Amino acid sequence: MVLKVFFPSCCSSAESGILVGRWLSEQSSAVILAVVHFPFIPFQVKQYLSEVQRVTKVSVSVLGSWSNSKQEKEENLSKFLEDLGTIFSHEPWIQISKEGDSKFWSCSTFQKHSNNPKEEVILVYYDQRKVMLSHLHPPLDTATSTDQETDDASKLSAIFHTVAKSKMLFMTDRYNDGPIKLTHWQSDGAEASIIVELMKQASVPACMLLAFLLSLVSGICRSRVLKFWPLSFLWRKLSTCEQLGHRLQHLQVISSNKKAQTQTQLMRKANIFVSLLIDVALGILLMSWLYRKNRIGHLADTLIPVADHVAEELQDLLQWLMGAPAGLKMNRALDQVLGRFFLYHIHLWISYIHLMSPFIEMILWYVGLSACLGLTVALCILSDIIALLTFHIYCFYVYGARLYCLKIYGLSSLWRLFRGKKWNVLRQRVDSCSYDLDQLFIGTLLFTILLFLLPTTALYYLVFALLRLLVVIVQGLIHLLVDLIDSLPLYSILLRLCRSYRLAAGVKFRVLEQQDGKPLRLLMQINPLSYGSVVETYRLPTYSCYPKDSWTSLCKKLFLGELIYPWKHKGEKQD
């Protein structure tokens with residue numbers, strides 16, 4: 001049987017003593033956590049380890065002895081270290097000795113109740129600080145992983161869990177003159193920063209004040225005032241309100257006094273905090289850029305000519321449609337009615353824009369102040385402004401879609417009439433039906449009228465549907481940027497960039513020395529998680545107010561003339 005001893009590299013120059021750690025019997029491994037130096041009282045060591053075991057819930061015990069002949073020259077030291085196995089009864093008793101400056105160490109085991117006391121030993125060095133601070137992630141593709149890989153991951157997690165849970169063993173003050181002297185990664189002591197301690201003390205009342213203010217804001221949001229029709233509709237449909245509600249939930253998570261129970265919850269809080277911080281910083285930069293050199297005034301002066309230019313282009317487009325577009329012969333009467341109807345709407349829209357022109361600069365000035373709430377809020381306001389400025393295009397699209405949809409469903413119903421069928425509303429299926437001569441005659445007339453009027457209506461619908469899709473694409477790009485800022489785990493990415501060992505995907509072993517008669521020495525190194533896995537594991541959820549239609553569903557809606565809403569419609573089935 002092969003016995004694996006995980007030895008902390010920080011203890012390689014420690015003075016002689018006893019090895020403290022955890023024995024993993026299911027994998028025949030010993031995880032060494034610290035070295036207790038001479039002199040010591042065995043009763044105090046046992047009492048100290050029992051206290052550590054009670055707090056950390058890790059079965060910590062004395063596993064063996066450590067001898068550094070470079071530091072100790074006593075001849076009877078080796079005999080004394082062997083005799084310690086009778087005081088601290090543990091099987092197997094591990095004896096590790098370092099002989100001067102030699103690269104090769106001697107490692108042996110001793111078992112009283114075994115016929116084969118000699119076992120092959122593999123000595124594995126590990127960086128105790130990195131292993132303690134790292135978080136071992138399970139494989140993401142568990143469906144494709146084999147049983148051997150799953151078993152290896154569970155064994156590694158036991159080692160990482162042992163070192164991470166033994167933090168109390170490492171809480172040593174460098175000026176503490178206690179009865180027990182330990183060597184581990186923090187043997188020089190933990191030097192606290194005054195600034196960090198003051199920030200910890202100040203964060204408690206700050207979080208309490210923020211939680212109180214957020215409770216007031218959330219209470220106002222849940223009040224009955226926002227449940228009335230106009231306010232409730234705007235709160236659910238405007239992307240700015242959705243983003244403010246989303247950020248309000250993030251602030252409640254950050255200011256919560258509930259301690260994170262798992263590593264995932266802790267990373268989620270940290271990612272939300274960094275995302276909010278960067279979002280607000282970018283928003284303040286945008287606000288400072290807008291208010292320099294009177295850029296808001298220039299933007300307001302540019303907005304009215306742009307709106308007039310868009311209206312003129314729409315008028316030219318309608319004049320083109322009212323003639324013979326692309327050489328197509330339209331129904332003259334219906335063409336003139338639809339063209340004049342849409343031209344009248346454009347005239348109303350131009351009048352509305354010029355009526356609002358004296359107040360546009362003031363509106364933009366106050367809207368620019370909202371950038372201090374974050375870049376995402378400013379982008380959502382931009383999306384809502386685009387929706388308001390293109391409201392006439394949306395109205396044109398709705399009118400054309402309703403007319404086109406009415407004719408498509410009328411033609412489909414009349415086509416079933418010719419085949420002796422009808423749609424059963426109760427059973428949601430097509431049943432057979434007998435019609436008399438008058439019904440067939442009227443159905444033929446209606447079918448002919450709708451069929452010859454369909455090209456004119458379809459052309460108007462096609463043009464305004466393309467314009468509407470253009471606006472939706474622009475708003476979709478803005479919301480993709482908002483979702484990227486909201487969901488990107490920036491803290492995890494920075495942690496992976498600066499301290500990659502904190503996010504461990506696994507380990508790799510490098511052979512240090514190998515010689516006959518000496519234990520094999522390996523170095524355990526941490527494999528960091530890839531950037532794609534970091535984003536996939538710690539990505540934050542987003543609200544995503546836009547419906548997630550598939551391409552098939554979208555094409556079907558466009559062909560049948562069903563409305564493409566810029567928000568999630570209540571009761572809508574998503575493919």
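The expected span of a helix is taken here as 1.5 Å times one less than its number of residues. In this predicted model, that rule can be applied to helix α1, which comprises the 15 residues 42–56 and should therefore span 21 Å. The end C-alpha atoms of α1 are 21 Å apart, in agreement with the expected value.

The residues of α1 are not equally accessible to solvent, and V45, L49, V52 and T56 are buried. Seen down the axis of α1, its buried residues fall within an arc of 60°, so they line one face of the helix. This pattern can be understood from the geometry of helices in general. An α-helix has 3.6 residues a turn, so residues three or four places apart point the same way. On the other side of α1, by contrast, F43 and R54 are exposed.

Just after α1 comes K57, which takes a positive phi of about 60° although K57 is not a glycine. This residue is found in the loop between α1 and β4, the latter covering residues 61–68. With a relative accessible area of 71%, K57 is classed as exposed, because the cut-off for that class is over 50%.

A second lysine, K293, also has a positive phi, here of about 55°, and K293 is likewise not a glycine. K293 lies in the loop between α9, residues 263–290, and α10, residues 295–321. The relative accessible area of K293 is 69%, and the residue is therefore exposed.

Turning to the annotated segments, the unreviewed UniProt entry lists several spans under "transmembrane region", among them residues 337–356 and residues 469–494. In the model, the span of residues 337–356 is 100% helix and 0% strand, and its end C-alpha atoms lie 29 Å apart. For residues 469–494, the corresponding distance between the end C-alpha atoms is 37 Å, and this span is 92% helix and 0% strand. Another span that the entry lists under the same heading is residues 363–390.

A nonpolar patch of about 600 Å² is present on the surface, where it is made by F359, M362, I363, W365, Y366 and L369. One of these residues, I363, lies in helix α11, which runs over residues 332–369. I363 has a relative accessible area of 39% and is therefore partly exposed, a class that lies between the cut-offs of 20% for buried and 50% for exposed residues.

Note on methods
Residues numbered from 1 in each chain as written. Predicted model: local features only at pLDDT ≥ 70, side-chain atom pairs only at ≥ 80, totals over all residues. Heavy atoms only, no water. UniProt positions renumbered as here; feature names shortened; annotations may be inferred. Helix = DSSP H or I, 4+ residues; strand = E, 2+ residues; numbered from the N terminus. Buried < 20%, exposed > 50% of the residue type's maximum accessible area, 1.4 Å probe, protein only. Arc of directions from axis to C-beta. Patch = residues over 30% accessible without salt bridge, like charges linked within 9 Å, V, L, I, M, F, W, Y side chains within 5 Å. Areas by Shrake-Rupley, 256 points an atom, 1.4 Å probe, with all protein chains shown as cover. Salt bridge = Lys/Arg side-chain N within 4 Å of Asp/Glu carboxyl O.
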